[in-house]
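Open the model in your viewer and get ready to select residues. We will go stop by stop.

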Amino acid sequence: MMFAAPAWGAQTTSPSTQTSNDDADGDDADQGGSAQGSLAAEAADTRAAAIRGQATATDDGVLIVTGTRIARPNTSSASPITSVTAQDIQAQGPLNVEEVLNRLPQIAPDSQQNYQDSDGRQRLKLRNLGFERTLVLLDGKRLGTQNGQDTNIIPASLLERIDVLSGGASSVYGSDAVSGVINFILRKDFDGLRIDGNYNFYNHNNRETFVTPLARTNGFATPLGLTNDGGRADITITAGKKMLDDRLRVSTFFNYRTADQVNYSDRSYSPCYIQETVRNGPVACTPLSSYSSSGFILPRGGPTAGQSFVNNPNGSRTFVAFGPGRGNAANPYEFTPLQRESESFTGGAFFNFKIAPEVEVYADALWFRNESRNGSPLRVYSSTVFGSTPYQVNCDNPFLSGSQANTLCGTNAGRAGTFAPLDVRYRFDGQPLQTNTFINKGIRATGGVRGNVGEAWTYDIGGVYAFNRMDTAYARFSDPVRVNRALDVVNVNGTPTCRSVVTGTDRACLPFDAFRAGFNDTAAINYMFGGATDGAVNSGGELYNVISTVTGDLGKYGITSPWAEDGLAIALGAEYREDRFFSGANEAYRVQYGNNEADLRQHVWESNIEIQAPLMQDRRFAHLLQANGGFRVSKYSTNPSVFTTWKVEGLYAPVRDITFRASYNKAQRAPTVIEIRQATQQTYRTLAVTDFCAPTVNANGTRGAPIASREVCRATGLSDALYGSETLICPDNTCTARSGGWTADPETAYTLTYGLVLQPSFIPGLFFSVDRYQIRLNGSLGYQEASYFAEGCVASNGDPFFCRGVVRDPVTGILYNAPGTNPTSGFFREGTTNLYRTLGNGWDFQGQYTLRMQQAGRIDLNFNGSLTTLAGAQDSPLRPQYNCAGYFSNGVACGQLIPKWSHTMRTTYTTPDSVFNISFNWRHTGPLTSADNSGDPTIGGTAARRRTTYFRIGAQDFFDVSMAFNVSRQFALRLAANNVFDRDPPIIQNSRQAALTFNNTLPQRYDALGRQIVIGATMNF
């Protein structure tokens, strides 16, 4: 009998936990009754099943298959699947699932708690192809919208396992599964009370690095020696009850997580941001902040206009010159977090009621709230933040010494009624930090009814509702009006007093003594900030998803190959899905950053069919020969066309020990609502550029030849008569860029995977697989600025793919339009559009070996490696393809930080009674080289750009150790040390260019905080 139910991810209740007729692993001798159970054995079995590509069952008999809606015990996947087990997760002591997946070679690592400009949401990326192309499932159903999803909703302590299917799966799951599927499977089958808790912190020895003396030169703190910081706690309380002979199951959980902040200034490799002053030259701490606690003064008029000063730190009320190496600059990034301060709450409930064999009602609900914060010193901001009008100080200000007044006012020094324009920047170190707060919250509910119809058919009718919202509060700025009033100070009976108090304009004003170091009057500071409001912006996503699926085992009707035992299996599905994205902002945010309001929607109707056809089974030279297929039709409301996706798969095992597998998928992704908006909504901005077909200006002021050739300019639609004409020069050398007004079509990926699985009968317990993947993504959607088209048009000698982005006025040829107009020509194009092609090739390797040692216990070895041979793109049909595998960004290309080789290898020893296990994990990341040294000019690897310094990051190896003690049937204790040897991450210059961070390393790729000590426990009641 086939036990199958076609929920999202093919999830069904089966009376058997048998995973396969081929499972000769013999693990049923390992029965653990402790709080941990025999997790090591269960983990080994799960990983072995994943390598074979076969279904695994949860403790309550729920059979879950990732990658197909047809679930039956002997189903094998034709695409490689990697499983992360509960034991793997517990051994790491993670705070969130992002940390778990970052260690998989197939995942492009991310670290949303390490980016100072991150919104805190955790979104996952397979094969370095972006989160928009990775479909995330929770128990086989969509987690949420692509734009709004946040894996913060998933508590790591409640996971049964994580399945990662790398390869196109759009025909099974719909759009977005271009690079693959990540399926999180929760533990729901509880009877009683369970408490899981973890606490971890970083135990790091700050060593002298080449950055520390550079920081000292500028007077920045440089930590050295052993430190314990970054404490993180995670506790989950789960309760459940089985009733009515286990037909009714109800469980609920609550999870709390918290983390302390660790700053850049807490590590010896990041006390300041290092950059090269010249190519292949020395590095220095830069930029240096003029927001000094001594107070920065920049006269905008008078005898010293344009010179930069700082109040003398000795309190003498004199000015000293501001600049590098003078010890009077501030570190702009010392409070930027390597780990954010955060707090999360998650709760949920699960309900299953099997009314009859033919009817089962199910419902799940999750709720979460995550708050994280970035802090920065309280500052009076530069007047340039608010416009072009400088601050003003009265020349008879009693706070000004004679020399200061002469510097600012010249001959007007001390004269009443005269004012000096200036810029003031002041940092108040004695005050609480300003805080940007990111609150991500949401709910997710699923429900439906499923069951069997006779022995051949199953059905599942259900749906998902998911809602995510992000609220961000940006710390308020100082009020420029109040700052000006606080700078306008007169002497009233020997007491410095705001002029506005004397005149009655503003009796609340308190004087600001900006002309001495260390000003820290809390009342005056509060006054200058009191008229300001936090900038607030919100955005979110909403998903409505209804799906019905029917699966059938047609073998029950005799539809079976004459050479096979299992019959033809089929799944039929229909789906409706609606995505919504919304955003808004308050007035304070709009003033500073512009309007951000939107309410965008699209919906899709889909239907699909999937077939599994065993052709031969248990025959000579054909232990298994099977063909699979799938087809899906999709109609989006935002696109007039109907598009289709499909898959063709094959499995061939000449003998039980060897299986060959192959899969070819056409996966298609429709633009998200945000991409549609970016493509269609027209906005304009000015570009400080000169038309490359206009004459250049020589050093002596004469006109020179245009940058581009006549042929290139002709490709942009310019007539030969206008080539080199001065009429092409944009006013003030600022041309126009227009974003939007284009069509964003669906992108299409063709994914081929093929490989073999070995499980030699003469080596019991050994499983190994090797798979080749090839991804060709045509018409890939991406956002490109005007420079992409302008520079590409010139560099490619007039390639129409790039030159189409140079849209000239048909009469004048000029690339300019006055602000407020709605031009159809006369601009550089930018925005979201269909690019030409993205490419990815490589190999995946997985291995599992279990060694049973009679009465001495067992050893489990698990290996997961990935070799990337191509990670790149082809910008146009006339341009060569480029490859970024093994390179890091040089500011021109290769921002994905993709090593050619990476792997993890975990070895676990378990005692015969399963009371104790110890695990050793080796994480290896291959070397990376600057794209400047690639020798490939398509990624900037030219002779002129070749680097002799800071061009290579060596291979990195990190080691983890964990131990689990099953003290009793009710209690288990876990101890772990991640990065046990406290290895520092590699240091690179210009890390912002390479990894969007200012901490001199790549925190998403390497352990940035040092050794992590983990203590965890599980209690059952």
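In what order do strands S46, S49 and S50 form an open sheet? The order is S46-S49-S50, and the pairing is mixed. Keep in mind that this model is predicted.

**Stop 1: the three-stranded sheet**

Select residues 887-888 for strand S46 and 952-953 for strand S50. These two stand at the edges. Each has a single partner strand, so one side of each is left without a neighbour in the sheet. Now add strand S49, residues 928-930. S46 and S49 pair in the parallel sense, over two bridges. Zoom in on tyrosine 887: opposite this residue, in S49, stands threonine 929.

Strands of a sheet pair through backbone hydrogen bonds, either parallel or antiparallel.

**Stop 2: strand S51 and its partners**

Select residues 956-965, which make up strand S51. Which residues lie on its covered face, and which on its uncovered one? Gln956, Phe958, Asp960, Ser962 and Ala964 are on the covered face. Asp957, Phe959, Val961, Met963 and Phe965 are on the uncovered face.

Next, show strand S48, residues 916-925. Ten bridges join S48 to S51, and the two run antiparallel. One pair to click on is serine 919 with its bridge partner in S51, serine 962.

Then show strand S52, residues 971-978. S52 also runs antiparallel to S51, joined by five bridges. Here phenylalanine 965 stands opposite leucine 973. S51 and S52 form a hairpin, with five residues between them.

**Stop 3: the largest nonpolar core**

Select Leu408, Phe428, Phe512, Phe515 and Met528. Within the largest nonpolar core, of 34 residues, these have the most contacts. Several elements give two or more residues to this core, including helix H6 (402-409), strand S23 (419-428) and helix H9 (522-530).

Centre the view on phenylalanine 515. Leaving aside neighbours within four places in sequence, its contacts include Ile297, Phe319, Val393, Leu408 and Leu487. Polar names turn up too, among them Asn311, Asn397 and Gln404.

Another core lies apart from this one. That core has 27 residues, among them Val97, Leu159, Phe184 and Leu366.

In soluble globular proteins, nonpolar side chains tend to be buried together.

**Stop 4: a patch on the surface**

Turn on the surface and select Val550, Leu572, Ile609, Ile611 and Phe631. They form a nonpolar patch with about 350 Å² of accessible area together. Pick out isoleucine 611, in strand S30 (residues 598-619). Why does isoleucine 611 count as partly exposed? Its relative accessibility is 31%, and partly exposed covers the range between under 20% and over 50%.

Definitions and conventions: Residues numbered from 1 in each chain as written. Predicted model: local features only at pLDDT ≥ 70, side-chain atom pairs only at ≥ 80, totals over all residues. Heavy atoms only, no water. Core = buried A, V, L, I, M, F, W, Y, C linked by side-chain atoms within 4.5 Å. Buried < 20%, exposed > 50% of the residue type's maximum accessible area, 1.4 Å probe, protein only. Helix = DSSP H or I, 4+ residues; strand = E, 2+ residues; numbered from the N terminus. Contact = heavy atoms within 4.5 Å. Patch = residues over 30% accessible without salt bridge, like charges linked within 9 Å, V, L, I, M, F, W, Y side chains within 5 Å. Areas by Shrake-Rupley, 256 points an atom, 1.4 Å probe, with all protein chains shown as cover. Salt bridge = Lys/Arg side-chain N within 4 Å of Asp/Glu carboxyl O. Pairing = 2+ DSSP bridges.
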